[in-house]
Amino acid sequence: QVQLVESGGGLVQPGGSLRLSCAASGSIFSINAMGWYRQAPGKQRELVAAITTGGSTNYADSVKGRFTISRDNAKNTVYLQMNNLKPEDTAVYYCSDYPPDYWGQGTQVTVSS
């Protein structure tokens with residue numbers, strides 16, 4: 001059974017940083033690209049960043065230059081380093097394979113002073 005477990009969310013002031021982690025179980029990690037999505041209240045879920053098994057990445061325009069996605073294949077873990085956070089980054093962040101078949105439970109990120 002595939003499980004994706006996110007951690008690392010929280011409350012941060014504008015300009016601050018957070019690092020999200022997603023631990024994946026099973027064979028999904030070794031064969032799939034992985035992605036981070038987010039969903040703000042009243043908005044559709046959107047792709048934030050994705051990374052292939054080989055390490056190629058792509059980002060939403062709104063986070064380019066501020067967020068970095070990475071993966072540790074030995075630990076079956078994908079990360080999202082978020083710097084220079086803005087109030088508009090406030091959302092629930094979800095880990096998934098990419099394109100998504102499986103989802104984690106989500107972790108709340110709130111950017112507020």
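A charge sits over a ring, in the sense used here, if NZ of Lys or CZ of Arg is within 6 Å of the ring centre and within 35 degrees of the ring normal. Arg19 fits that description, lying over the face of Tyr79 at 4.0 Å from the ring centre. Another case is Arg45, whose charged end sits over the ring of Tyr94, 3.7 Å from its centre.

A word on where this comes from: the model is predicted, so local features need pLDDT of at least 70 and side-chain atom pairs count only at pLDDT 80 or more, while totals for chains, interfaces and linings use all residues. Residues are numbered from 1 along each chain as its sequence is written, and side-chain values use heavy atoms, with hydrogens and water left out.

**The sheet**

Let's start with the strands, which are DSSP runs (E, at least two residues) numbered from the N terminus. Two of them pair if DSSP finds at least two bridges between them. On that basis, 6 strands make an open sheet in the order S2-S10-S9-S4-S5-S6, with mixed pairing. The edges are strand S2 (10–12) and strand S6 (57–59), each of which pairs on one side only. Neighbouring strands of this sheet are turned by 25 degrees against each other on average, direction ignored; the axes behind that angle are lines fitted to C-alpha atoms, and angles in general run from 0 to 180 degrees between N-to-C directions.

Here are some of the pairings, with a facing residue pair for each.

| Strands | Sense | Bridges | Facing residues |
|---|---|---|---|
| S2 and S10 (residues 107–111) | parallel | 3 bridges | Val12 and Val111 |
| S4 and S5 (residues 46–51) | antiparallel | 5 bridges | Met34 and Ile51 |
| S5 and S6 | antiparallel | 3 bridges | Ala49 and Tyr59 |

Two hairpins sit in this part of the sheet. S4 and S5 form one with 6 residues between them, and Gly42 in the turn has a positive phi of about 80 degrees. The hairpin of S5 and S6 has 5 residues between the strands, and there Gly55 takes a positive phi near 100 degrees.

Back to Met34, which lies in strand S4 (residues 33–39). Is Met34 buried or exposed? Met34 counts as buried because its relative accessibility is 0%; buried means under 20% relative accessible area, exposed over 50%, and partly exposed in between, using a 1.4 Å probe and protein chains only. Gly15 is 19 residues from Met34 along the chain, and the C-alpha atoms of the two are separated by 26 Å.

**The aromatic cluster**

Now for the rings. Rings of Phe, Tyr and Trp (its six-membered ring) pair if their centres lie within 6.5 Å; planes under 30 degrees apart count as stacked, over 60 as edge-to-face and the rest as tilted. How many aromatic pairs does a search of the whole structure find? The search turns up 2 aromatic pairs. In one of them, the ring centres of Tyr37 and Trp103 are 5.0 Å apart with the planes at 70 degrees, so this pair is edge-to-face. That contact links distant parts of the chain, since Tyr37 is in strand S4 and Trp103 is in the loop between S9 and S10, 66 residues apart. Tyr94 also forms an edge-to-face pair with Trp103, at 6.3 Å centre to centre and 85 degrees between the planes.

Put together, Tyr37, Tyr94 and Trp103 form one aromatic cluster. Tyr37 counts as buried at 10% relative accessibility, and Tyr94 counts as buried at 14%. Trp103, with a relative accessible area of 35%, is partly exposed. Remember that Tyr94 also has the charged end of Arg45 over its ring.

**Backbone oddities**

Most residues other than glycine have a negative phi, and most peptide bonds are trans. A few spots here go the other way. Asn76 has a positive phi of about 50 degrees although it is not a glycine. You'll find Asn76 in the loop between strand S7 (67–72) and strand S8 (77–82), where its relative accessible area of 23% makes it partly exposed. Asn84 also has a positive phi, near 50 degrees, and its place is in the loop between S8 and S9. Asn84 is partly exposed too, with a relative accessible area of 42%.

Which residues does a cis peptide bond join? Tyr98 and Pro99 are the partners, with omega about -5 degrees. Pro99 is found in the loop between strand S9 (91–98) and S10.

Technical notes: Helices (H or I, at least four residues) and strands (E, at least two) are DSSP runs, numbered from the N terminus.
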